[in-house]
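The following exercises concern the chain displayed below. Attempt each task before reading its solution.

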Amino acid sequence: MQISIVKIEKVRKELQLEHDEEALRVAKTIPIERIKNMSDFSVIAEAYFQNGEYETAMSEFDPLLAFFLIDLTDSEKYTDKHHQVQDE
């Protein structure tokens with residue numbers, strides 16, 4: 001478990017330094033089934049995106065990516081509409 005945490009932090013650091021290829025190299029060594037939270041998933045997905053591996057990112061991280069690809073404007077409208085319905 002500790003190895004995955006260390007590797008995720010390495011990916012995060014490499015992305016911050018814009019060392020995208022190194023970030024992806026490390027990300028590919030992390031077993032996806034051992035990732036336990038959304039923040040870590042997003043770091044790994046970002047490594048794939050930054051390297052143009054969109055198809056892999058979509059197939060590996062589809063549920064997560066659906067969450068991040070929501071248009072915030074539309075989600076705010078939904079939230080406002082939802083509150084209006086509850087208030088009535």
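**Exercise 1.** How much area does the chain expose, and what share of it do carbon and sulfur atoms supply?

*Solution.* The model is a predicted one, in which local features need pLDDT of at least 70 and side-chain atom pairs count only at pLDDT 80 or more, while totals for chains, interfaces and linings use all residues. Residues are numbered from 1 along each chain as its sequence is written, and side-chain values use heavy atoms, with hydrogens and water left out. The exposed area is about 6,400 Å² (Shrake-Rupley method, 1.4 Å probe; for residues, only the protein chains shown count as cover). Carbon and sulfur atoms supply 54% of this area.

**Exercise 2.** Determine how many helices and strands the chain contains.

*Solution.* Helices are DSSP runs of H or I with at least four residues, and strands are runs of E with at least two, numbered from the N terminus. By this rule the chain has five helices and zero strands. Along the sequence, the pattern therefore reads α-α-α-α-α.

**Exercise 3.** Identify the buried residues of α2 and state how they are arranged around the helix.

*Solution.* A residue is buried under 20% relative accessible area, exposed over 50%, and partly exposed in between (1.4 Å probe, protein chains only). In α2, the buried residues are D20, A23, L24, V26 and A27. Viewed down the axis of α2, they fall within an arc of 165°, so they line one face of the helix; the arc is that of the directions from the helix axis to the C-beta atoms. An α-helix has 3.6 residues a turn, so residues three or four places apart point the same way.

**Exercise 4.** Which residues touch the most other members of the largest nonpolar core, and which helix gives the largest share?

*Solution.* A nonpolar core is a set of buried Ala, Val, Leu, Ile, Met, Phe, Trp, Tyr and Cys residues joined through side-chain atoms within 4.5 Å. The largest core has 17 residues, of which V11, I44 and F61 touch the most other members. At least two residues come from each of α1 (2-16), α2 (20-27), α3 (38-50) and α4 (54-68). The largest share, six residues, is supplied by α3. Leaving aside residues up to four places away in sequence, I44 touches I8, V11, A27, I30, I35 and F61 (contact: heavy atoms within 4.5 Å).

**Exercise 5.** Is E18 buried or exposed?

*Solution.* E18 lies in the loop between α1 and α2. Its relative accessibility is 65%, so E18 counts as exposed. Although E18 is not a glycine, it has a positive phi of about 60°.
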